[in-house]
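User: Could you walk me through a few features of this protein? I'd enjoy some short questions and answers.

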Amino acid sequence: MHSLGFGLEKIGLPAIRSPRMALAIVILVSVLCGLGIPRLRTDHTLSELFASSTAEFRNYETMSARFPTSEFDVLVIVEAPTLMKPELLEQLRELHLELQFAGAVEGILSIFSMRDPPGDAEIPPPMIPSELPQGAEFEKLSEKILRHPLINGKLLSDTAGQGQLTLLVLSLKHDVIRKAGLTESIREIEKIAHDMIDPTGMRVQLSGAPVMQIEIRDAISRDRFVYNGAGFAVGLLICLAFFRRVKLVVITSACSGLSVLWALGLLGWVGLKLNTFINVIPPLVMVIAFTDAMHMIFAIRRRLGQGDDRFAAAKHAILTVGPACVLTSLTTSIAFLSLTLTDSGLVRTFGIAAALATLLAFVTVIVVLPTLVVLLFKDEKEFVKTEATRHHALSFLDRACADFADWLNRWHRPVAIVGVSLVVLCTVLHFQLEPRYRLSDQVPDSKQSIAASQRLDEKLTGAHPVHVMMTWKEGNTATSPRIVEAIAQTHALFEMRSGAGIGNVWSLETLNRWLKEVGEAGPGVLRDYLDKLPGHLTGRFVNDGARSALVTGRLPNLDAEETVPVVRRLDASLDGLRADFPEIEFAVTGLSALSAIRSTDMIGQLGRGLMTAIVVVILLIGAAFRSFRVMIFSILPNIFPIVAAGALLYLTGGGLEYASVIALTVAFGIAVDDTIHFLSRLNIERARVDSLQPAVHETISRIGPVLVLTTLVLVVGLAATAFSDLPSMRLFGQLFMATLAAALVGDVLFLPALILAVGRLRSDKARSGG
């Protein structure tokens, strides 16, 4: 007689024989894992999702090493009906000066960074003088500021000549960030900005990747507390409402809680850092452990009610329910491991960590649960005596499932037809989904960074930079005629793409044009002026040491499907320059370009990984049951939740995002558990009776209540995701809930209907007993 769990469930048997020893080991492991939790660190940079060995990421890394990366730029946006007033300009200058004294600020680019033409001065004077003129002279200065080619449309919006929005770009010191921490550094900048601007009546907001990272971290911390706390509380309340026994609730909750403790401790000891994905693991582990514990508790409760002592009841649960728990842990781990079929190191790490945590959750349940049952249930007779009077809710659920089984026995053929038809329809809709990615969807949408970015989209073309990095061979500098000409032509190509959304173009050519306009053109003028400017300004577009230069434009907040064509066309338009300047390498890069290009590829990889997981899981189910028929029957209930959630996403106007594909993968891994437990119970019942209909009826009556109850707990617990500040997490929760609900329908309604409609279900080899 073979075991669905390949005999791995038997690791729980020693806990029955030596419960106190098992408890001591559990306590020891828990203490060790508890010591690992303080080692957990939170880390989330916006580019880490795309870290890979691809050419796009290598170009981005090279650019980040040579130039101040946008991931360390804080954007300070100040608005007023008009900024062209002496008192407001003075206050803005004070803000610029105060921000320079912030510990983490390397340098600032603003309208106050601009200088007059060099002339004969050793150092060009500031364009905006220290003493602001009044009256007509101030009007001339205002006109000069608004028309300056390095300011207009780049650092200051020109709305009806009023200058309503100005931008200050702050470069951060990497070493200070590492020592003081990003959060403290951003908080200092934010405090200075609000202290200086709020009393003036102007409005100030912060944006940029560092601000977004802080908002993401805060949301992650909040969500972790809400999800874990709400899920745990809901599980407790529902278990208490149905079981009406504190001991059963304590045992179930202990399994979930210890699973999370052990998983977090493991992550801490192996040095994984918390991020948006890893942050999902604790509630997932809680869900997996809770589901397995519920199946075990239902089996133990029934055996105790039939007169078994606690030792026999626990052993029966291990040997009959345990194999299915082993198989569900393996299939869920396979679903998680399918996430490794992507180029993203972050996603691969999440898949491996989630798979290990899933297997750890099984070990926790199979050891801790029988240990606690043996130690806590000393009086089996008292349990039997009070069982009938305590479980009104469970009795109602039992009767409802039995009545449903009777109904399904009469209507199984039309239900099976509807099920197959729905799978076909939902599959068609699911495959209409297109990859979709927007950088802002990874950031809390109720915080200031998104609102500030939207203002930049409206007033200054956009907040998301895209660059062309130029690298030349030795023997030239940024001001060599050939290099200057190449930069000028690249700059012009950017400007030609303005109709495609690229604007606010910056490069050495911007400075060169201005010098020509003010009559400072001539041999050596550009080099002399560059040498006189602060390094934090020139370092944004020239690095002679690395023989590189940047031409930078900005994009508004677009979907990947809109950004990718812009980037591709820009790259294709550089082919002519590559032919004209063979000594120079041209590479389109930047976080916007990287995320748009890589997201489309990676979402496709994740989708193919999910399909691979489905095929492997179905094959594993067939191998575990040693039945081709079982494998075929498992296809519909395993595919239906995925395509149903995908169809819902399509009908609501959504697309395949990271959150949606990962949610479908994770939910599939958990939803397939219901299929395995149903088929496992049916296999047992078919060994007891000769007729298929009574076996299906008994399976629904026995397994239906626990499937309904676990799905109810999971869906209600996941409802907390509706309050997340992160759009990606809200989408994750919605799809997860939809998938679990569809899985319940597929396993309790469509699967038994299909089995009854097709006919006799036989195992190809000896059936498991129990």
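User: Which helix gives the largest share of the nonpolar patch on the surface?
Analyst: Happy to help, and do keep in mind that this is a predicted model. The patch is formed by Leu23, Ile27, Leu28, Val31, Leu32, Leu35 and Trp269, with about 660 Å² of accessible area together. Six residues of the patch, its largest share, come from helix H2 (residues 19-36).

User: Is Ser548 buried or exposed?
Analyst: Good one to look at! Ser548 lies in strand E10 and touches residues including Phe67, Met470 and Trp472. Its side chain also joins that of Arg66 in a polar contact of 2.6 Å. Since its relative accessibility is 0%, Ser548 counts as buried.

User: How many residues apart in sequence are Asp73 and Arg540, whose side chains meet in a salt bridge?
Analyst: The N to O distance in this salt bridge is 2.9 Å, and Asp73 and Arg540 are both buried. Asp73 lies in strand E2 and Arg540 in the loop between helix H20 and strand E9, so the pair ties together parts whose separation in sequence is 467 residues.

User: And which residue forms a salt bridge with Glu79, and is that partner buried or partly exposed?
Analyst: The partner is Arg455, with the closest N and O atoms 2.5 Å apart. This pair links strand E2 to helix H16, 376 residues apart. Glu79 is buried, at 11% relative accessible area. At 21%, above the 20% limit for buried, Arg455 counts as partly exposed.

Key. Residues numbered from 1 in each chain as written. Predicted model: local features only at pLDDT ≥ 70, side-chain atom pairs only at ≥ 80, totals over all residues. Heavy atoms only, no water. Patch = residues over 30% accessible without salt bridge, like charges linked within 9 Å, V, L, I, M, F, W, Y side chains within 5 Å. Areas by Shrake-Rupley, 256 points an atom, 1.4 Å probe, with all protein chains shown as cover. Salt bridge = Lys/Arg side-chain N within 4 Å of Asp/Glu carboxyl O. Helix = DSSP H or I, 4+ residues; strand = E, 2+ residues; numbered from the N terminus. Buried < 20%, exposed > 50% of the residue type's maximum accessible area, 1.4 Å probe, protein only. Polar contact = N/O pair within 3.5 Å; in protein donor to acceptor, adjacent residues only side chain to side chain. Contact = heavy atoms within 4.5 Å. Lists of a residue's contacts leave out its neighbours within four places in sequence.
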